[in-house]
Amino acid sequence: MHQQNTLKYRKYITNFAAVFLLILLHFIITQQFTGLSFDTLDKGYASFPGDPTGGMHFFTYVRKAFEREGILFLFSGTNPFIGAPFGVKQITTIPINLIILFFLQFGNEMVVFNLMLWFGYFLSGMSSFLLAWTITRSYFPSVIASIIFAYCPFHVARHMGHLTIAMTEWIPLYFLALVLFYRKPNLRRGIFVGFTLAVMTSINAYNGFFGIIFCAGLLVYLAVSYFRAIGLPRAPKTEIFFWVLAPIWWAGLILAISIRIIRGWRFARIKKEAFF
């Protein structure tokens, strides 16, 4: 009994040390990539000069709208700093607006900008590690995978022009949600899938678009597997996944295509009027 307790505590200590080293590793690398510290958060942009993303204007707009209308601004009006020249409805950007409001509690717009970049690197590393660990159950390969994903050249280069691309931590979380739901479908995990997809799409529509495509392929695979298994003594429990997500995916795809057609038509009309 004493030996079992010793092995149990040793396992706890080993797991704690592994998690601590992972957090420390990504903290150090993120610091090297951003060069931020507590006394420089509000004194300059992380990693590069200037604000090519227009982030300061976006954050100021969110802060002023919140001061003027309170939390109800999330459901009214149009944000002119996303999807120019038409802007987008505030209700479609609720997740990123809530993130901005949260970071505004720690300082001004400069602080928000730098914190979003810093956590974009750090949380991307942590979430991609969780995804790799869930699939492989191997620590060191998962650490390497998290470093490759979080600090790849694309992430480093593109975040300079698009702040939302810096927040890639939601991509591994979305695929992690799909893996967990595939393994054991239930309502709680289904809500987790929908939540991560909604936030990922709200922050960056391109990530959401490709996430929907991947989900569609998975749905086709599950549908084929389900119908092939009908009549067998023990059919796989994929019908929940199929019947819950299939209508959501088709509705989202139809809505996205409709919005794209309408926005393209409006842009073409404005361009034609301006040309002539």
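Trainee: Which residues of α3 are buried?

Mentor: In this predicted model, they are Ile94, Ile96, Asn97, Ile99, Ile100, Leu101, Phe103 and Leu104.

Trainee: And what makes helix α3 (residues 94-104) "mostly covered"?

Mentor: The count does: 8 of its 11 residues are buried. For the chain, buried residues come to 38% of the 276 residues.

Trainee: Phe103 turns up elsewhere too, right? Which aromatic cluster is Phe103 part of?

Mentor: Phe103 sits in one cluster with Phe27, Phe102, Phe106, Trp118, Phe119 and Phe122. Searching the whole structure gives 15 aromatic pairs.

Trainee: Take Phe129 and Tyr139, then. Why is this pair called edge-to-face?

Mentor: Start with the centres: they are 5.7 Å apart, and rings pair if their centres lie within 6.5 Å. Next, the planes stand at 75°, and over 60 degrees counts as edge-to-face. So edge-to-face is what we call the pair Phe129 and Tyr139.

Trainee: What makes you say that the pair ties together parts of the chain?

Mentor: Look at where the two rings come from. Phe129 belongs to helix α4 (residues 109-136) and Tyr139 to helix α5 (residues 139-150), so the pair links parts that are 10 residues apart in sequence.

Trainee: How do you know whether Phe129 is buried or exposed?

Mentor: Its relative accessible area is 9%, and buried means under 20%, so Phe129 is buried. Tyr139 has 22%; with partly exposed running from there up to 50%, Tyr139 is partly exposed.

Trainee: What about Phe175 and Phe214: why is that pair edge-to-face?

Mentor: The same reasoning applies. The centres of Phe175 and Phe214 lie 4.8 Å apart with the planes at 75°, so this pair is edge-to-face. Phe175 is in helix α8 (residues 170-183) and Phe214 in helix α10 (residues 205-229), so the parts tied together are 39 residues apart in sequence.

Trainee: Why do Phe175 and Phe214 count as partly exposed?

Mentor: Phe175 has a relative accessibility of 24% and Phe214 has 42%. Partly exposed lies between 20% and 50%, so Phe175 gets that label, and so does Phe214.

Trainee: Staying with α8, how do you know how it runs relative to α9?

Mentor: The axes of α8 and helix α9 (residues 187-203) come within 9 Å and cross at roughly 160°. Angles over 145 degrees count as roughly antiparallel, so α8 is roughly antiparallel to α9. The crossing of α8 past α9 is left-handed.

Trainee: Which residues meet there?

Mentor: From α8, Trp170, Ile171, Leu173, Tyr174, Ala177, Leu178, Leu180 and Phe181 take part. On the α9 side they meet Arg189, Gly190, Phe192, Val193, Phe195, Thr196, Leu197, Val199, Met200 and Ile203. By class, the contact of α8 with α9 has 15 nonpolar, 2 polar and 1 charged residues.

Trainee: One more. Where is Glu169, and why is it called buried?

Mentor: Glu169 is in the loop between α7 (163-166) and α8. Its relative accessible area is 8%, and the cut-off for buried is under 20%, so Glu169 is buried. Leaving out residues up to four places away in sequence, Glu169 touches Phe119, Gly120, Leu123, Ser124 and Ser127.

Trainee: How many helices and strands does the chain have?

Mentor: 11 helices and 2 strands. Along the sequence the pattern reads α-α-β-β-α-α-α-α-α-α-α-α-α.

Note on methods. Residues numbered from 1 in each chain as written. Predicted model: local features only at pLDDT ≥ 70, side-chain atom pairs only at ≥ 80, totals over all residues. Heavy atoms only, no water. Phe/Tyr/Trp six-rings, centres within 6.5 Å; stacked < 30°, edge-to-face > 60°. Helix = DSSP H or I, 4+ residues; strand = E, 2+ residues; numbered from the N terminus. Buried < 20%, exposed > 50% of the residue type's maximum accessible area, 1.4 Å probe, protein only. Axes fitted to C-alpha atoms, helices over the stretch in contact; angles between N-to-C directions. Parallel < 35°, antiparallel > 145°, perpendicular 65-115°, else oblique. Left-handed = near helix turned anticlockwise from the far one by under 90°. Contact = heavy atoms within 4.5 Å. Nonpolar A, V, L, I, M, F, W, Y, C, P; charged D, E, K, R; others polar.
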